[in-house]
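Student: Please take one part of this model and look at it closely: the charged side chains that pair with one another. After that, work outward to whatever in the backbone deserves a second look.

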Amino acid sequence: MYQKLKRFEQIIFDICAMGLLLFYSYAAIITPAATQYHRGIYVIITYILVFLSYRSKNILLRVLDYILMVASIISISYWIVNFEVINYRTGAETQLDTIMAVIGVVISVELARRVVGNVFVVIGSLMLAYGVYGAHVPDLFAHAGATFPELCIEIFYRSDGIFGIMANVLATYILLFVLFGAFLEKCGAQRFFIDFPLAAVGHKIGGPGKVAVIASGLFGSISGSAIANTVSTGAFTIPMMKKAGFKPHIAGGIEPAASIGGMFMPPIMGAGGFIMAELTGEPYSRIMLVALFPAIMYFFSVFVMVHYEAKKDNIVGEKSEHSAMGILKAEWYYTLPLVVITIFMLYGYSPGYSAIIGLITCIVVSWFRTETRIGPKQFLEAAREGAESSLKIGATVGVIGIIIGVLTYSGLVLTFADIVIEMAGGSLVLTILLIALASLVLGMGVPVTAAYLITAVVAVPALTHLGVNELAAHMIVYWLSQDSNITPPVCIAAFAGATIAKANMWKTAFSAFKFAKFLYLGPFLFGYVPGFSLNGTTMDIVKAFILIIIGTYFYSWFLSGIWIRWFIPNKKAA
């Protein structure tokens, strides 16, 4: 997208990208910014970058892009400058306050349409209609309703709307870690994440598939996106799997199944971990510790299934030119950024502070080799790439604000838990299944992080009411929010894997669904086994871990289908 911009537009883009990096680095390391500047500057720059990058195709509409850009700057700047004054006159907003709110809300919907697509527009529009006409819906969901301008005021100026929790998490955590990921890739670490597992397990049964699992775990923990993980590591691992003998749809399915595991793997866990910390009030170090064992079990499950899938056809990889120990000795320093981030967060430093220290470590590491050194030019490129990567999730901030703002205003947040409990008849199993269905449907139209936040706001109370501890309840929702990446009918990560593998889309999607089955077991373990989320005595947790490791192995062995050969001798399992 950047390359298609005119030169003066590229300069504006670069200034904005560097502004984001420098301002939020300063806020994370030296002095935190006031709320209105901290959230407002992120939102205003994101809006500018989206209207620059996701451009209209003809000249007249391109003029409209600039009009929308200017309108965004005016409305958001108005919120920033008048933040305290507007809070003082809550309930007595002026006509100008109302006009700015309406402009801000309408532009937010258009922003999401450009980046995410029409589904988000439909969802946002339906929520706005529900906010206005709430008095005319069935009694179970009814509320007093409001005029459209009144609703816009609630969404634009109140703490649950556009400048609410999503804007705060994006500005505080996600942006800095997306930038960190761009610098980590720029310093050459991505190659190590593939070379090391290739040397370690590439020559064993199903070696290339196992390389995909390990590489996806390493890279996925910092990429922040299952789709980005599938495309980046899959470009290398999927052809390698096909060459070794995996069927195209199997190779295309293994990579996305492994890639979504990166969303559960500390230290970064995509964006969901930071939202979870914000919603629960738990320190992020605690979120990391609770997430670690379940994430390992997810990868262990995929690893075992890959092993037995390869054993069906006796697929063996090729031995690497270098030993794993040799690669580790030569390139160990590429692990330093992740190690540094983990240590700093475990010692109680904020995730933002830790991300900047990790980013600085990437720059230091880059100078270990001449070809990867990050100088001024490379620094600007990394900032630009990080800012561009952040737009996918950043563009959703407005519509998510609309959704959560309307849910809060209508009171549905409070009644939804009762609705789910009533539908499930008080059954935890049915409640988890209903949440899985809701997140799958929601995930078809919105990014998985948005699906998690929206679902968590309304579903966590239902789970805690049934006796699940709050952190485990959030983990249930977070895990299930990832299912739309690999579960048909809309499974973008799986379709990305199919494209690289040049395989049938649907066969690949169902293969990814098969290999990712622990995604659906994990939530039940969070719900029924307190030790899985580190809740209980040390002995309870140890016993739970041992039993889960054994159970996961047999669960994965069974789902691999290799046992079918016991009943169908001399034939390959389908």
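Tutor: E9, R55, R62, D65, E110, R113 and R114 are linked in a network of salt bridges (a salt bridge being a side-chain nitrogen of Lys or Arg within 4 Å of a carboxyl oxygen of Asp or Glu). Side chains of opposite charge can pair when their charged atoms come close. The model is a predicted one, in which local features need pLDDT of at least 70 and side-chain atom pairs count only at pLDDT 80 or more, while totals for chains, interfaces and linings use all residues. Residues are numbered from 1 along each chain as its sequence is written, and side-chain values use heavy atoms, with hydrogens and water left out.

Two pairs within the network can be taken in turn. In one of them, D65 bridges to R114, and the closest N and O atoms are 2.6 Å apart. The contact spans distant parts of the chain, since D65 sits in helix α3 and R114 in helix α5 (residues 95–115), with their positions 49 residues apart in sequence. Helices here are DSSP runs of H or I of at least four residues, numbered from the N terminus. As for cover, D65 has a relative accessibility of 0%, so D65 counts as buried (buried means under 20% relative accessible area, exposed over 50% and partly exposed in between, with a 1.4 Å probe and protein chains only). R114 counts as buried too, because its relative accessibility is 14%. Both partners of this bridge are therefore buried.

The other pair stays inside a single helix. R113 forms a salt bridge with E110, with 2.8 Å between the closest N and O atoms. Both residues belong to helix α5 and are three residues apart, about one turn of the helix. Here the two ends are not covered alike: R113 is partly exposed because its relative accessibility is 35%, whereas E110 is buried because its relative accessible area is 19%. Helix α5 thus holds R113 and E110 as well as R114, the partner of D65 in α3.

Next to D65 in the numbering is L64, which also lies in helix α3, a run of residues 59–81. With a relative accessible area of 36%, L64 counts as partly exposed. On the same helix, then, D65 is buried at 0% and L64 is partly exposed at 36%.

For context, a search of the whole structure finds 16 salt bridges. One bridge with partners in other helices joins E381 to K186, the closest N and O atoms being 3.1 Å apart. This pair also links distant parts of the chain: E381 is in helix α18 (residues 376–394) and K186 is in helix α8 (residues 165–186), at a separation of 195 residues.

Sequence separation and spatial separation can also be compared for a pair of nonpolar residues. V457 and L279 are 178 residues apart in sequence, yet their C-alpha atoms are 8.6 Å apart in space. V457 lies in helix α22. It counts as buried because its relative accessible area is 18%.

That leaves the backbone in the loops. P266 and P267 are joined by a cis peptide bond, with omega about 15°. P267 falls in the loop between α12 (248–259) and α13 (272–280).

Where is phi positive in a residue other than glycine? N314 is one such place, with phi near 55°. N314 is in the loop that runs between α14 (284–312) and α15 (324–331). Its relative accessible area is 58%, so N314 is exposed. L534 is another case: it is not a glycine, but has a positive phi of about 60°. The loop that holds L534 lies between α26 (518–528) and α27 (538–560). L534 is partly exposed, because its relative accessible area is 22%.

To return to the part you asked about, the network comprises E9, R55, R62, D65, E110, R113 and R114. Of the two pairs described, D65 with R114 connects α3 to α5, while R113 with E110 stays within α5.
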